[in-house]
Amino acid sequence: MANSNAELPVGALAYDTETKALGVVMEAFRNYYALRPPRGGIEWDAPREVIRPATVADQIAPALAERNANSRQGL
């Protein structure tokens with residue numbers, strides 16, 4: 001289980017351990033969270049047991065991966 005069963009508030013950054021995606025909590029309901037990518041996009045639902053609060057590493061990983069890809073392409 002990824003979650004410590006603590007309620008994440010709307011607006012909190014969360015990490016979906018199943019899809020390995022960072023999301024903003026848009027809504028919490030029963031056994032699911034509705035998440036949206038931080039820069040906008042399509043919401044997805046994820047079971048509470050695969051969601052945890054996002055760490056600093058979770059937050060910087062996408063930007064670091066993009067920068068590394070650009071570097072490999074000479075950008």
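**Exercise 1. Two residues with positive phi**

Where is Arg30 found? Locate Arg30 in this predicted model, and then treat Lys20 in the corresponding way.

*Solution.* Step one places the residue: Arg30 is found in the loop between E2 and E3. Step two looks at the strands on either side, where strand E2 (residues 21-29) and strand E3 (residues 32-36) pair in the antiparallel sense over five bridges, and where Phe29 has Tyr32 in E3 as its bridge partner. The hairpin of E2 and E3 has two residues between the strands, and in this hairpin Arg30 takes a positive phi near 35°. Step three sets this value in context: most residues other than glycine have a negative phi. Arg30 is not a glycine, although its phi is positive. Its relative accessibility is 77%, and Arg30 therefore counts as exposed.

Lys20 is found in the loop between E1 and E2, in a hairpin that has four residues between the strands. Lys20 is likewise not a glycine and has a positive phi of about 55°. With a relative accessible area of 62%, Lys20 is exposed.

**Exercise 2. Tracing the strand pairings**

Which strands does E1 pair with, and how is E3 joined to E4? Follow the bridges from strand to strand, naming one pair of partners for each pairing.

*Solution.* Step one begins with E1 and E2, which run antiparallel and are joined by four bridges; here the bridge partner of Tyr15 in E2 is Leu22. Step two turns to E1 and E5, which pair in the antiparallel sense over three bridges, and for this pairing Tyr15 has Arg52 in E5 as its bridge partner. Tyr15 thus has a bridge partner in E2, namely Leu22, and another in E5, namely Arg52. Step three moves to E3 and strand E4 (residues 44-47), which run antiparallel with four bridges between them, and the bridge partner of Leu35 in E4 is Trp44.

**Exercise 3. A buried acidic residue**

What is the nearest side chain of opposite charge to Asp16, and how far away is it? Describe the surroundings of this residue as well.

*Solution.* Step one gives the position, since Asp16 is found in strand E1 (residues 13-16). Step two considers charge: Asp16 is buried, yet it has no salt bridge, and the nearest side chain of opposite charge is that of Lys20, 8.4 Å away. A salt bridge requires a side-chain nitrogen of Lys or Arg within 4 Å of a carboxyl oxygen of Asp or Glu. Step three asks about other polar partners, and here the side chain of Asp16 makes a polar contact with the side chain of Thr19 at 3.1 Å. Step four lists the contacts, leaving aside residues up to four places away in sequence: Asp16 touches Ala21, Leu35, Trp44, Ala46, Val50 and Ile51. Leu35 and Trp44, which are among these contacts, are also the bridge partners named for E3 and E4.

**Exercise 4. The salt bridges and their exposure**

How many salt bridges are there? Identify the partners and state how accessible they are where a value is available.

*Solution.* Step one recalls the principle that side chains of opposite charge can pair when their charged atoms come close. Step two gives the count, which comes to three salt bridges. Step three takes Glu7 and Arg48, whose closest N and O atoms are 2.8 Å apart. This pair links distant parts of the chain, with Glu7 in the segment before E1 and Arg48 in the loop between E4 and strand E5 (51-53), 41 residues apart. Arg48 counts as buried because its relative accessibility is 19%, and the cut-off for buried is under 20%.

Step four takes Arg36 and Glu43, which form a salt bridge with closest N and O atoms 3.0 Å apart. Arg36 is partly exposed at a relative accessible area of 29%, and Glu43 also counts as partly exposed, at 35% relative accessibility. Step five takes Asp58 and Arg52, for which the closest N and O atoms are 2.6 Å apart. Asp58 is buried, with a relative accessible area of 12%, whereas Arg52 is partly exposed, with a value of 22%.

**Exercise 5. A proline in the helix**

Where is the place of Pro62? Relate this residue to Leu22.

*Solution.* Step one places Pro62 in helix H1 (residues 56-72). Step two adds that Pro62 is partly exposed, with a relative accessible area of 47%. Step three compares sequence with space: Pro62 and Leu22 are 40 residues apart in sequence, while their C-alpha atoms are 8.8 Å apart.

Conventions: Residues are numbered from 1 along each chain as its sequence is written. This is a predicted model: local features need pLDDT of at least 70, side-chain atom pairs count only at pLDDT 80 or more; totals for chains, interfaces and linings use all residues. Side-chain values use heavy atoms; hydrogens and water are left out. Buried means under 20% relative accessible area, exposed over 50%, partly exposed in between (1.4 Å probe, protein chains only). Lys and Arg count as positive and Asp and Glu as negative; His and the chain ends are not counted. A polar contact is a pair of N or O atoms within 3.5 Å; within protein, one must be able to donate a hydrogen and the other to accept it, and residues adjacent in sequence count only if both atoms are side-chain atoms. Contact means heavy atoms within 4.5 Å. Two strands pair if DSSP finds at least two bridges between them.
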